[in-house]
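Here are a few notes from me for your next look at this entry. I have kept them as numbered points so you can go through them with the viewer open.

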Amino acid sequence: MKITSVHAHVLEAALSQPFANSLAWKDTRTALIVEIETDDGLTGWGESYGPARMIAAAVKAIAPSLIGRDPLSTELLWQEIYSGQRGHGRKGVVIDALSGIDIALWDIKGKHFGLPAYRLMGGPLRTTVQAYATGLYRFKSGDPVAYLADEAAGYVAEGFKAIKLKIGFGIEADVRATRAVRRAIGDDVTLMVDANQAYDAVAAIRLGHMIEEYDIGWFEEPVVPEDLAGYLAVKAALTIPVAGGECEFTRFGFRDLLVAHALDIVQPDVCGAGGLTECKKIADMALAFGVRCNPHIWGTGIAMAASLQLLAVLAPHTPPALTVAEPMLEFDRTEHPIRRAVLTQPIEHAGGFVRVPDGPGLGIEVDRGALARFAAQ
Ligand code: CA
C-alpha cells in the first residue's frame with residue numbers, strides 16, 4: 001500500500017453569537033482536516049489544532065515527501081517529518097501539521113487491519129470515557145454571573161459530573177464567576193478553571209488563593225506557556241492542581257515541563273502535540289513522572305474521535321485499586337457548526353460519558369458534503 005495524495009481541507013463557519021475567552025472574541029470557527037488517500041482505496045482522516053491556513057501550508061509543503069510511501073510506517077514517517085524540519089519546526093505549525101498527518105495515517109492503519117486504532121495501540125484499557133463540559137465563555141450582553149450559572153446548571157442537568165469555567169477576565173470578576181458557578185452546580189460536580197494564559201504568577205497566585213475555597217479541580221494555563229518559573233511559583237503557592245500543555249509540542253517539549261515539575265496535569269492536544277504516535281509517548285512519560293495526563297481537545301468530531309482513541313489506551317492516573325482516577329475527555333460545548341456536521345454519526349455523550357468509537361481506524365465516517373459546505377473561501 002502506498003500513499004497517493006495528501007490534502008488539507010480548510011473549513012470555516014460563522015457563529016450566530018460571538019464568544020470570548022480571556023484572549024479574544026471569536027465570531028467564526030475554523031478547522032484543518034487532513035485527508036490521505038492510498039493506492040488500495042483506503043482514505044485516512046486527521047485534524048490539526050491551530051491556525052488552519054498556516055497549517056494547511058505546512059501540510060502542503062510536507063505532502064510531496066509522503067507520496068509513494070507506506071502509510072503503515074507511522075513511526076518512520078513521524079521521524080522523517082520531524083527530522084526534516086528540526087531546524088525550524090520543533091514547535092508550532094509544523095508539529096500541528098505533523099499531528100494531523102499522523103492521525104490520518106493511524107486511521108488508514110486501522111482500516112487496513114479492520115481494527116480501531118486503540119486495538120493497534122494495545123488497548124482498550126477502557127471503552128467509555130468520562131467527559132467534562134468545556135463552555136462557560138463570555139458573551140457581549142448579559143450579566144456573566146447569571147448566564148454562567150444558568151449554563152453550568154444546564155450541563156449538570158445533562159449529566160456532566162465535571163465542567164470547566166473560563167476565567168482570566170480580572171481577579172474580582174473571576175471570583176464572582178467562580179462563586180456563582182459553584183453555587184449553581186452544588187458540591188458534587190468537579191469544577192475546573194481555565195485562564196488561557198491571562199495572568200502573571202503574582203495575579204494567578206492571588207486569584208488562586210481567593211478561589212481555593214470553591215474546591216477547584218484544576219487551574220489551567222494560569223500564565224503564558226513560556227513562563228516556566230511562573231508555573232513553578234503558582235504550583236508551589238496553591239493547593240489547586242495546576243494544568244497546562246495545550247501549547248506544548250512533542251515528547252521533547254513535555255520532557256522539559258516534566259523534568260521541571262512545572263505541572264500537576266499535562267494536557268497535550270493529539271491534533272497539535274504530535275498525533276497519536278507522539279501523545280502516547282508523552283502520556284507514558286507523564287506517568288513515569290507521576291503527572292496526570294488529560295488531553296486537550298478543541299476541534300471537530302475528527303479531533304474528538306482521535307482523542308478518544310488515545311484515551312482508550314492511557315493508563316489510569318492512579319494505580320489499579322478499588323477506585324481509580326481516570327483520564328477525562330474534554331467535551332467542547334461552545335457553538336461550532338462544523339463539529340458535528342463533519343461526521344455522518346456525531347460523537348454524543350450519554351449522562352456525561354462517551355463511548356470510544358470502535359469501528360476501524362478512528363471509527364468515524366466523514367461527511368464530504370460538510371467538507372464542501374464549510375470550505376473556506
Ligand atoms: Ca485551555
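Two strands count as paired if DSSP finds at least two bridges between them. One caution before the points: this is a predicted model.

1. Let me begin at the N-terminal strands. Strand β1 (residues 3-20) runs antiparallel to strand β2 (residues 25-38), and 13 bridges connect the pair. If you want a place to check the register, A14 has T28 in β2 as its bridge partner. The connection from β1 to β2 is a hairpin of four residues.

2. β2 also pairs with strand β3 (residues 43-48), again in the antiparallel sense, over six bridges. Here E35 is matched with W45 of β3. The link is a hairpin with four residues between the strands, and G41 in that turn has a positive phi of about 95°.

3. Now the metal site. Which residues are the protein donors of the calcium ion? They are D194 (OD), E220 (OE) and E246 (OE), at 2.2 to 2.3 Å from the ion. Along the chain, the donors show the spacing D-x25-E-x25-E. D194 belongs to strand β6 (residues 190-194) and E220 to strand β7 (residues 216-220), so this pair, 26 residues apart, links distant parts of the chain. Both D194 and E220 are buried.

4. Helix α5 (residues 144-158) offers a simple geometry check. With 15 residues at 1.5 Å a residue, the helix should span 21 Å, and its end C-alpha atoms are indeed 21 Å apart, so the two values agree. Just after α5 comes G159, with a positive phi of about 115°.

5. Which residues of α5 are buried? They are Y147, L148, A149, E151, A152 and Y155. Among the elements that cover them are β4 (128-134), β5 (162-166) and α6. You may like to display these together with the helix.

6. Finally, a look at R183, which sits in helix α6 (residues 171-185). Is R183 buried or exposed? R183 has a relative accessible area of 67%, and the cut-off for exposed is over 50%, so R183 counts as exposed. For a sense of distance, R183 and I62 are 121 residues apart in sequence, and their C-alpha atoms are 50 Å apart in space.

How values were computed. Residues are numbered from 1 along each chain as its sequence is written. This is a predicted model: local features need pLDDT of at least 70, side-chain atom pairs count only at pLDDT 80 or more; totals for chains, interfaces and linings use all residues. Side-chain values use heavy atoms; hydrogens and water are left out. Donors are N, O and S atoms within 2.8 Å of the metal (3.2 Å for Na, K and Ca); water is not among the atoms, so sites may look incomplete. Helices (H or I, at least four residues) and strands (E, at least two) are DSSP runs, numbered from the N terminus. Buried means under 20% relative accessible area, exposed over 50%, partly exposed in between (1.4 Å probe, protein chains only). The expected span of a helix is 1.5 Å times one less than its number of residues. Contact means heavy atoms within 4.5 Å.
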